[in-house]
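Colleague: I would like to go through this model and ask what stands behind each label. Please put the cut-off beside the value each time.

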Amino acid sequence: MSHTSLTLFKQHVRADDFADDDAYLQQCLDAAEQQVVTATNRTLDELLALGPAGQSLPAPLTQAVLLVGGSLYDHRENDAPQQYTEIPWGAAAIIKQYRRLCVQDQ
């Protein structure tokens, strides 16, 4: 379950006036959050600790989740006119600020 609000995500993708896609939207949101967390080379707990009261992602990372999730929602088929091999550039710019460059010893 994502730490980003489904209501906020539905507003982001302009799907806030119907509920038919809620399950699919939640799937996109969960996948987007996982992709953003993985791209930072950090754990979700580490990132949550950086957010307000340690309970949610920092606002820039929430925006990155919305951007990635919106891209997943808009481009749900593999036969898109262009090929997508990376996360959206706006999300990548945000994630770069939080990316751990080396792996710490456990």
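Modeller: Start with the surroundings of helix α2: its buried residues are covered by elements that include α1, α3, α4 and α5. This is a predicted model, in which local features need pLDDT of at least 70, side-chain atom pairs count only at pLDDT 80 or more, and totals for chains, interfaces and linings use all residues. Residues are numbered from 1 along each chain as its sequence is written, and side-chain values use heavy atoms, with hydrogens and water left out.

Colleague: What makes a stretch a helix here, and which residues of α2 are buried?

Modeller: A helix is a DSSP run of H or I with at least four residues, numbered from the N terminus. Buried means under 20% relative accessible area, exposed over 50%, and partly exposed in between, with a 1.4 Å probe and protein chains only. By that rule the buried residues of α2 are Leu25, Gln26, Cys28, Leu29, Ala32, Glu33, Val36, Val37 and Thr40.

Colleague: How do you know that they line one face of the helix?

Modeller: Their directions, taken from the helix axis to the C-beta atoms, fall within an arc of 165 degrees, so the buried residues of α2 line one face. An α-helix has 3.6 residues a turn, so residues three or four places apart point the same way. On the other side of α2, Ala23, Gln34 and Thr38 are exposed.

Colleague: Why is the length of α2 said to agree with expectation?

Modeller: The expected span is 1.5 Å times one less than the number of residues. For the 19 residues of α2 that gives 27 Å, and the end C-alpha atoms are 27 Å apart, so the two agree. The 16 residues of α4 reach 22 Å from first C-alpha to last, close to the 22 Å expected. After α2 comes Asn41, whose phi is positive, near 60 degrees.

Colleague: Why is Glu33 called buried, and what is it in contact with?

Modeller: Its relative accessible area is 6%, under the cut-off, so Glu33 counts as buried. Contact means heavy atoms within 4.5 Å. Leaving aside neighbours within four places in sequence, Glu33 is in contact with Met1, Ser2, His3, Thr4, Leu44, Leu57 and Val65. Ser2 is 31 residues away from Glu33 in sequence, yet their C-alpha atoms are 6.5 Å apart.

Colleague: And what makes Tyr24, also in α2, partly exposed?

Modeller: The relative accessible area of Tyr24 is 30%, which falls between the two limits, so the label is partly exposed. Not counting residues up to four places away in sequence, Tyr24 touches Leu72, Tyr73 and Arg76. The C-alpha atoms of Tyr24 and Tyr73 are 8.2 Å apart, with their positions 49 residues apart in sequence.

Colleague: How many salt bridges does the structure hold, and why is the pair Lys10 and Asp22 called one?

Modeller: There are two. Side chains of opposite charge can pair when their charged atoms come close. The term requires a side-chain nitrogen of Lys or Arg within 4 Å of a carboxyl oxygen of Asp or Glu. Lys10 and Asp22 have an N to O distance of 2.7 Å, so the pair qualifies. It links distant parts of the chain, twelve residues apart: Lys10 is in helix α1 (residues 6-12) and Asp22 in helix α2 (residues 22-40). Lys10 is buried at 10%, and Asp22 is partly exposed at 24%.

Colleague: What makes Glu46 and Arg100 a salt bridge, and which parts does the pair tie together?

Modeller: Their closest N and O atoms are 2.3 Å apart, so the pair meets the criterion. Glu46 lies in helix α3 (residues 44-50) and Arg100 in the segment after α5 (89-96), so parts 54 residues apart in sequence are tied together. Glu46 is partly exposed at 26%, whereas Arg100 is buried at 13%. Besides Glu46, Arg100 touches Thr40, Asn41 and Arg42, not counting residues up to four places away in sequence.

Colleague: What makes a set of residues a nonpolar core, and how many residues has the largest one?

Modeller: A nonpolar core is a set of buried Ala, Val, Leu, Ile, Met, Phe, Trp, Tyr and Cys residues joined through side-chain atoms within 4.5 Å. The largest has 22 residues, and Phe9, Val36 and Leu61 have the most contacts inside it. Helices α2, α3, α4 (59-74) and α5 each supply at least two residues of this core. Leu61 touches Val36, Thr40, Leu47, Ile94, Ile95 and Tyr98, again not counting residues up to four places away in sequence. Leu61 is one of the buried residues of α4, which also include Val65, Leu66 and Tyr73.
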